[in-house]
Amino acid sequence: MVSVAIMGHGVVGSGVAEILTTHKNKLFASLGEELYIKYILDLREFPDSPLADRFTKNFDDIINDIDVRVVIEVMGGLNPAYDYVKRCLLSGKSVVTSNKELVAAHGAELLSIAKDNNANFLFEASVGGGIPIIRPINQCLVANNVSEIAGILNGTTNFILTKMINEGMEFDVALKLAQDLGYAERNPEADVEGHDACRKICILASLAFGKHIYPDAVHTEGITKITLDDVKYAEIWGGVIKLIGKVKRLENNKCDILVAPMFVPNKSQLANIDDVFNGIMVRGDCTGDVVFYGKGAGKLPTASAVVADIVDCAKHLKNRKYLFWTDSDNSSVIDYKDSVTAMYIRAIADDTKAAYTKAEELFKDIHILSKDDAKQGEIAFICEPLAYGEIEKNIDTLNNSGIKVESAIRVGDL
């Protein structure tokens, strides 16, 4: 029997407890031992739970119990999760977490502590929820040099954009619907401003390239400025708008990493991933493009990934799994202004002909987009790939010339 403790009994934590209880025979067949929930740590009372006798409000009950071999952290946030996880690993207990904020902020340190104490620190659920992605990159694609990872990493923003694309909803209306359905928090900033996707692409980049990439080094944009006009121009261009987290390996072990809305061509495997679903493309030199697709959140999908890690930990109590990356100072990340991209630009001008002439003067080759119901004085075009810093300077020049730029969205090479 392997005794485990669950820290947190919210949506995911209760899902983990449910699976460990209802799938006991299935898990025993896979592991050859029973997974026994000895403690559930939570400040709230759950008197009606069938596991009511396992609840504790005292972390010391877990850390001081030598029988507890695997601890599951599903509290979220950094405080007290970071302290509790670190103390568990230092004591030789393996830890499983779904906490993307924790892994993105402290992954290198916690992996190092786990290694030094012959314990495991696993976090499959931190990126794709129920989508297997950490283990496939670390094991199944180990023979590949991964050159690029790009994905739709946040279900809330993907749901909002899908409603804008398919039903013509304004952003605010689609966000309210997402909140009403429970897909978005009351404060949706982490989702709509791209912070959630940023943490996830940092974890994937750190795993693929072997050095920790911290979120504060990653240029991050959200979807709050996307309008239905932009959605329509994307359709005319031949694609859709998606919030993409992307990292690409460059020469000299540098990497180009960012989170931003992008025009995604209809031919891309990411273009048709809709609603709350996530999709992650991994580009390997042997396999080519491999895409992982599924529900990126939710009680049981996320809990399923957590339980898979628990089983993995239980199988490797004496012989730890190799999952590791080193710490870094973010020097491998290029300045986002040096990132080269094509760009969609929409602006308003008094003289559209003169505005296009000015745009051609600045951007050289442009592809003009037009729609029948365009606003008075509206222009829209795609410019050829340039360094983003140069694009910003050109946009400033347009604005200073009386050509008001209302939207600027990257064109993804996906």
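Student: What describes the way helix α2 and helix α13 cross?

Tutor: This is a predicted model, where local features need pLDDT of at least 70 and side-chain atom pairs count only at pLDDT 80 or more, while totals for chains, interfaces and linings use all residues. Residues are numbered from 1 along each chain as its sequence is written, and side-chain values use heavy atoms, with hydrogens and water left out. Now, two packed helices are described by the angle and the distance between their axes. The axes of α2 (residues 24-31) and α13 (residues 299-315) come within 10 Å and cross at roughly 35 degrees. (Axes are lines fitted to C-alpha atoms, for helices over the stretch in contact, and angles run from 0 to 180 degrees between N-to-C directions; helices are DSSP runs of H or I with at least four residues, strands are E runs with at least two, and both are numbered from the N terminus.)

Student: What makes L27 one of the residues where α2 meets α13?

Tutor: Contact means heavy atoms within 4.5 Å. L27, S30 and L31 in α2 meet V307, V311, A314 and K315 in α13. Those residues divide into 5 nonpolar, 1 polar and 1 charged. (Ala, Val, Leu, Ile, Met, Phe, Trp, Tyr, Cys and Pro count as nonpolar, Asp, Glu, Lys and Arg as charged, and the others, Gly among them, as polar.)

Student: Is E378 in strand β15 buried or exposed, and how do you know?

Tutor: Buried means under 20% relative accessible area, exposed over 50%, and partly exposed in between, using a 1.4 Å probe and protein chains only. E378 has 8% relative accessibility, so it counts as buried.

Student: What joins the side chains of E378 and Y233?

Tutor: A polar contact of 2.7 Å. That fits the cut-off, because a polar contact is a pair of N or O atoms within 3.5 Å (within protein, one must be able to donate a hydrogen and the other to accept it, and residues adjacent in sequence count only if both atoms are side-chain atoms). Leaving aside neighbours within four places in sequence, E378 also touches other residues, including D229, R346 and K371.

Student: Why is strand β7 said to pair with β11?

Tutor: Two strands pair if DSSP finds at least two bridges between them. β7 (residues 146-152) and β11 (residues 277-284) have 6 bridges, in the antiparallel sense, with I149 opposite V282. Antiparallel β9 (residues 239-249) joins β7 by 4 bridges, and A150 has K246 as its partner there. As for cover, 6 of the 7 residues of β7 are buried.

Student: What makes β3 an edge strand?

Tutor: In the open, parallel sheet β3-β2-β1-β4-β5-β6, β3 (55-56) and β6 (121-122) each pair on one side only. β3 pairs with β2 (residues 35-41) over 2 bridges, and F55 is the partner of I40.
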